[in-house]
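These are my notebook entries on a structure that I had not examined before. I set down in turn what I looked up and what I found.

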Amino acid sequence: MAPASTKQPRAWQRMLSGRRLDLLDPTPLDIEIEDIAHGLAFVARWNGQTEGDWPYSVAEHSLLVEEIFSRLSPGIAAKWRLAALLHDAPEYVIGDMISPVKAAVGPGYGALDERLTAAVHLRFGLPAILPAPIKKAIKAADKVSAWLEAVRIAGFHEAEADKLFGRPLPDVLHRLEIRLRPPAEVRADYAATVARLLAACD
């Protein structure tokens, strides 16, 4: 009897930069900011169930989370602001799933996300695993963003959003905006913000 094949199925994706990113074993060398910015600008948050003439992209969400994170942590180092901006970077290749679906998929999705996150972090000079206080602060900013998105463009009542995400303090919400823009505009803004924060890290 012939031995069973040990060849693994293809798990790489060709990126527009020409890179071949192995989703199961990603390396920092195959990660380019242009690919991340492009992918995230075309991935819709909330499964596309948002008001407006443009989808609310993960890139736009990430820019908002970085703004909130900086507001909640005044004077924080640029590298941690960069980490906040990149917090959903793996979604440029694995897409965005709402939390209930992630829970149903199980730990496999989380493991894939963690491997990609580590590769992205190393590519941009961040630790593969963020310090716990930084990770907690980014998560807090992410929840503020989720609450704001939920009530302003995703059709949630405030009481419902309060239960799911926690109600942000009024001073945190002050002058925060939800922007709906063409993907090409968001892509350019995201890439430029990464470049600016990288320069500030030097």
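Entry 1: helix α3. How many of the eight residues of helix α3 (residues 78-85) are buried? I note beforehand that the model is a predicted one. I find that six of the eight are buried, so α3 is largely enclosed by the rest of the structure. I listed the buried residues as Ala 78, Trp 80, Leu 82, Ala 83, Ala 84 and Leu 85. I then looked up what covers them, and the cover includes α2, α7 (132-152) and α10.

Entry 2: Thr 193. I turned to a residue of helix α10, Thr 193. Is Thr 193 buried or exposed? Its relative accessible area is 5%, and the cut-off for a buried residue is under 20%, so I record Thr 193 as buried. Leaving aside neighbours within four places in sequence, I find Thr 193 in contact with Leu 63 and Leu 85. Leu 85 is one of the buried residues of α3 that I listed above.

Entry 3: α1 against α10. I recall that two packed helices are described by the angle between their axes and the distance between the axes. For α1 and helix α10 (residues 183-201), I read that the axes come within 8 Å and cross at roughly 140°. Why do I call α1 and α10 oblique to each other? Angles over 145 degrees count as roughly antiparallel, and the crossing angle here is roughly 140°, so the two helices are entered as oblique. I also record that the crossing is right-handed.

Which residues meet in this contact? From α1 I noted Ile 33, Ile 36, Ala 37, His 38, Leu 40 and Ala 41. From α10 I noted Pro 183, Arg 187, Tyr 190, Ala 191 and Val 194. Sorted by class, the contact of α1 with α10 has nine nonpolar residues, one polar and one charged.

Entry 4: the loop after α1. I next examined the loop between α1 (33-41) and α2 (58-72), where Trp 46 lies. Trp 46 has a positive phi of about 55°, although it is not a glycine. Asn 47 lies in this loop between α1 and α2, and I find for Asn 47 a positive phi of about 55°, again without its being a glycine. I checked the accessibility of Trp 46 and found this residue buried, with a relative accessible area of 15%.

Entry 5: aromatic pairs. I searched the whole structure and obtained three aromatic pairs. One of them joins Trp 46 and Phe 165 edge-to-face, with 6.1 Å from centre to centre and 90° between the planes. This pair links distant parts of the chain, since Trp 46 is in the loop between α1 and α2 and Phe 165 is in helix α8 (residues 158-165), 119 residues apart. I find Phe 165 partly exposed, with a relative accessible area of 22%. The rings of Phe 156 and Phe 165 have centres 6.4 Å apart and planes at 55°, so I enter that pair as tilted. I close the entry by grouping Trp 46, Phe 156 and Phe 165 as one aromatic cluster.

Key. Residues numbered from 1 in each chain as written. Predicted model: local features only at pLDDT ≥ 70, side-chain atom pairs only at ≥ 80, totals over all residues. Heavy atoms only, no water. Helix = DSSP H or I, 4+ residues; strand = E, 2+ residues; numbered from the N terminus. Buried < 20%, exposed > 50% of the residue type's maximum accessible area, 1.4 Å probe, protein only. Axes fitted to C-alpha atoms, helices over the stretch in contact; angles between N-to-C directions. Parallel < 35°, antiparallel > 145°, perpendicular 65-115°, else oblique. Left-handed = near helix turned anticlockwise from the far one by under 90°. Contact = heavy atoms within 4.5 Å. Nonpolar A, V, L, I, M, F, W, Y, C, P; charged D, E, K, R; others polar. Phe/Tyr/Trp six-rings, centres within 6.5 Å; stacked < 30°, edge-to-face > 60°.
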